[in-house]
Amino acid sequence: MLHLRTCAAKLRPLTASQTVKTCSQNRPAAVRTLQQSRCYSAPVAAEPFLSGTSSNYVEEMYCAWLENPKSVHKSWDIFFRNTNAGAPPGTAYQSPLPLSRASLAAVAQAQPNVDKLVEDHLAVQSLIRAYQIRGHHVAQLDPLGILDADLDSSVPADIISSTDKLDLAVFKERLRMLTVGGFYGLDESDLDKVFHLPTTTFIGGQESALPLREIIRRLEMAYCQHIGVEFMFINDLEQCQWIRQKFETPGVMQFTNEEKRTLLARLVRSTRFEEFLQRKWSSEKRFGLEGCEVLIPALKTIIDKSSENGVDYVIMGMPHRGRLNVLANVIRKELEQIFCQFDSKLEAADEGSGDVKYHLGMYHRRINRVTDRNITLSLVANPSHLEAADPVVMGKTKAEQFYCGDTEGKKVMSILLHGDAAFAGQGIVYETFHLSDLPSYTTHGTVHVVVNNQIGFTTDPRMARSSPYPTDVARVVNAPIFHVNSDDPEAVMYVCKVAAEWRSTFHKDVVVDLVCYRRNGHNEMDEPMFTQPLMYKQIRKQKPVLQKYAELLVAQGVVNQPEYEEEISKYDKICEEAFARSKDEKILHIKHWLDSPWPGFFTLDGQPRSMSCPSTGLTEDVLTHIGNVASSVPVENFTIHGGLSRILKTRGELVKNRTVDWALAEYMAFGSLLKEGIHIRLSGQDVERGTFSHRHHVLHDQNVDKRTCIPMNHLWPNQAPYTVCNSSLSEYGVLGFELGFAMASPNALVLWEAQFGDFHNTAQCIIDQFICPGQAKWVRQNGIVLLLPHGMEGMGPEHSSARPERFLQMCNDDPDVLPDLQQANFDISQLYDCNWVVVNCSTPGNFFHVLRRQILLPFRKPLIIFTPKSLLRHPEARTSFDEMLPGTHFQRVIPESGPAAQAPAGVKRLLFCTGKVYYDLTRERAARGMAEQVAITRIEQLSPFPFDLLLKEVQKYPNAELAWCQEEHKNQGYYDYVKPRLRTTIDRAKPVWYAGRDPAAAPATGNKKTHLTELQRLLDTAFDLDAFKNFS
């Protein structure tokens, strides 16, 4: 609606055509035609009630009057009639122009104070707004009635609340204070006065005006009962209006008898499932749902509504509480497979080490009985690290949307369940929210459901968070938050319907806060009375929600008692029959709990289709074509930076010379896989350009803002898409997201690059709980690649080490056992048995091969690559096309190829190393003239350990002593991993000496001179042939 800008423009009489044009823009109703009349001449300053916020109200009243004079108070009708006749606004009630004797009599009888009238209406508007903003603070959310959900027992000063927080006497006193000369300046007599309702509320329904008493009552019903709505922080008017309409419209929360019976049946299943487990296994931990049984019908309502709106794939993540119930009654996993998990005689998993039953995931496709549409449900397995699965679920959802072309999130969606303490306390929640609207990470809205037990293990929420609600973190992305009393199942169902509709309408996150309680302790063996005696005294007296709701429906005549009891006995029978069948299960088939199957990738029994890997080389034509595209701009009229022009020219010269550097090798690996239909996604901080300005996969037009070009997507006519995206400044959240993306399909190369390898430790939880043990715990293979820049180059303790010792320490191979080296396809078998692959390439060509091997292998393993920094531009770190042609492979070990290899008997020392330090060693060896005395062998693949190739190397130099050389400190790096395995390789026939930095607490020095001194010392040790004589 147009704002009134001057007094004359504000209330100037309009012609019929002007009236229609001005006032019908937002009110498609019949317009009253007025005769043209003269304009006002009074200045705005003379009429203060027409300036500021008052003008908005007067404008609304005027447009309403134009549509229907009877829709406004009689005093306004007279006022507008007189002003249209020409009276200045300030005197419209004192000296109106005579229209007729009848109108003069009307004016004489109606002489209200216009200023007061406007102020009263504005006060009512303020009151309505106060309820919309702060009504949730007085909503009756706690089913126990002992704690305020917002941790504040006070009532906001601008709300006249009649809820249980105030007794009648206090309510009357508040009413007097807020009315008679108080906050709003209303009189108590105004309670029965009719006020016109603003367009920012829907409490009137079909009515445009209500008495103040009714206005307050309807606001109380909308905002202060069992639902608390937080939304007024959202800065989008359309979204706010949408929410207002959903919760303010009178009679909006109505359910049919059939819907009530369905809700009751779902509550029966939810409640009786937990009671059945308690009866059968009373001493077992199961992290039951008692106290929040309404979660099951809540989730099913969200899924039903989403299915109705077109969603056919829902990916869920949740903590342990209630997980078995969700598996049974939402995902619909066979009950016998759940019950057999409680059998102490059940044999261990048929593969891997397994996990506890309340961590396992599930994938299931079934018919949604409400919508009669197919729905696929996936519950992602999770560790005990609460909220760690959040970004993983987001990544998997993004991937599924990507693969089915769902660019708006209409087919695939995610639901995340949270605990109240974790939602407020875990920083990963914030990181995940901040991915929700980024172009390369958005999943177009997630429905978050918080199981708000109002306690975290034993910690009172008043000691666990500083915010009023556990959900306040969601406000940072303008997600509406719906708090609801979980003992009111119908309120819960309505809120869940609205949440699903919100996600479907706006494709943004939304939070449902189920304010409930935890009937038992943290687990079934825990005693909560130690720390929460008063809360648990009340809980012991609390009637279960199923009983409450059943009694309500019986009283309403929706069901009768026999029907209710029959529903219970029917589900009890289902449980008993499943329990009987569960006794036939003798072994845990972990594949039954797989959350991300890859149909067609493995054989029917889940095995690789072969145990071999083809050559990772390419034809020269392909290499040349990719190199030419990498060194050009494939878009016309695109101006790139001058410095970038020089970089592309250098690339072109490398291609002409049949040579690649590090960036070009990566380009060729990616480009060739895209040609083969493999989607590639590279994510991380500043990966588009590369932290070290070497990659430049996204070109920016220097003359047109935000115009970019990705040459990699211009390689082949029918290539797979290439996604390269700078991430938010997050490691934990983004790495979890990429892990989830890699879960969805084996036919994609998903890479996450740390800005420096040192920073991966803020994502340690994802590495330790998902990437390292994921297959062993959940039989879930994953081919994610971690690129971790690493190298001691004098850049200080936070820009030097990717902590290789940590990754190697978590490898699952035995250092004291020499494997069968005669086994067919020994190298592939090693890869198949390991939990992840750890490499440190010293040449661009080997980097190219290991990236391609990651996809060409018949199975998937995480790949950890310690990538270089100085080698990106090192003149010796180059690879000829000859080492990348068909028939070539990744080299697990690069043996000595110089003079020492020609006369191995004369070699005095065999140095083993990995990565960048090789170039320091060769330079020093050349300077000392020791090329015939010292052989240098590079171990490119550290894990699985290349026992077979290293045995050949040792045997080749029978007279050489063995030493491991590294630039890292002795208690870090690779030494503690390599030494025992080398000793096992040679049957402990010789010692393995150490040449490197001394042990230290920090990864590197911050002083450049000290760095160089340490480097020279380790080189002196490496080439001093007498260095270890005193230790023999």
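# Notebook: two sheets and the helices on them

I began with one pair of residues: L962 stands opposite V992 in β26. The model is a predicted one, and I keep that in mind for every entry below.

**Entry 1, the five-stranded sheet.** I looked up the strands around that pair. Five bridges join strand β25 (residues 961-969) to β26, and the two run parallel. I then traced the whole sheet, which is open and has five strands in the order β21-β23-β22-β25-β26. Its pairing is mixed. At the edges I found β21 (893-894) and β26 (992-997), each with a single partner strand, so one side of each has no neighbour in the sheet.

**Entry 2, helices on this sheet.** Which strands does α32 lie across? I noted β22 (909-913), β23 (934-939) and β25, with the helix running at about 170° to β23. Helix α33 (residues 947-956) also packs on the sheet. I listed its contacts as β21, β22, β23 and β25, and its direction makes about 160° with that of β22.

**Entry 3, α32 against α35.** I next checked how α32 (residues 917-928) meets helix α35 (residues 1008-1023). They pack at an angle of about 60°, and their axes are 10 Å apart. That angle makes α32 oblique to α35. I recorded the crossing of these two helices as right-handed. On the α32 side the contact is made by D920, L921, R923, E924, R925 and R928. On the α35 side I found L1015, Q1016, L1019, D1020, A1022 and F1023. Sorted by class, this contact has five nonpolar, one polar and six charged residues.

**Entry 4, α33 against α34.** I did the same for α33 and helix α34 (residues 975-985), which pack at about 65° with axes 9 Å apart. The two are therefore roughly perpendicular to each other. The crossing of α33 and α34 is right-handed. In α33 I noted F947, L950 and L951, which meet R981, L982 and T985 in α34. By class I have four nonpolar, one polar and one charged residues in this contact.

**Entry 5, the eight-stranded sheet.** I moved to another open sheet, where eight strands follow the order β3-β9-β10-β8-β7-β4-β6-β5 with mixed pairing. Which strands are at its edges? I found β3 (227-230) and β5 (362-368), each of which pairs on one side only. Neighbouring strands here are turned against each other by 20° on average, direction ignored. I looked more closely at β5, which is joined to strand β6 (residues 373-379) by seven bridges. β5 and β6 run antiparallel. One bridge I wrote down has Y363 with S378 in β6 as its partner.

**Entry 6, helices on this sheet.** Helix α11 (residues 295-308) lies across β4 (313-317), β5, β6, β7 (412-419), β8 (446-452) and β10 (510-515). I read its direction as about 165° to β7. Helix α18 (residues 489-506) packs on the sheet too, where I saw it touch β3, β7, β8, β9 (481-485) and β10. The direction of α18 makes about 165° with that of β9.

**Entry 7, aromatic rings.** I counted aromatic pairs last, and the count comes to 37. I looked up the one formed by Y403 and F741: the ring centres are 6.1 Å apart and the planes stand at 55°, so the pair is tilted. Y403 lies in helix α14 (residues 389-403) and F741 in helix α25 (residues 732-743), so the pair ties together parts that are 338 residues apart in sequence.

Key: Residues numbered from 1 in each chain as written. Predicted model: local features only at pLDDT ≥ 70, side-chain atom pairs only at ≥ 80, totals over all residues. Heavy atoms only, no water. Axes fitted to C-alpha atoms, helices over the stretch in contact; angles between N-to-C directions. Parallel < 35°, antiparallel > 145°, perpendicular 65-115°, else oblique. Left-handed = near helix turned anticlockwise from the far one by under 90°. Contact = heavy atoms within 4.5 Å. Nonpolar A, V, L, I, M, F, W, Y, C, P; charged D, E, K, R; others polar. Pairing = 2+ DSSP bridges. Phe/Tyr/Trp six-rings, centres within 6.5 Å; stacked < 30°, edge-to-face > 60°.
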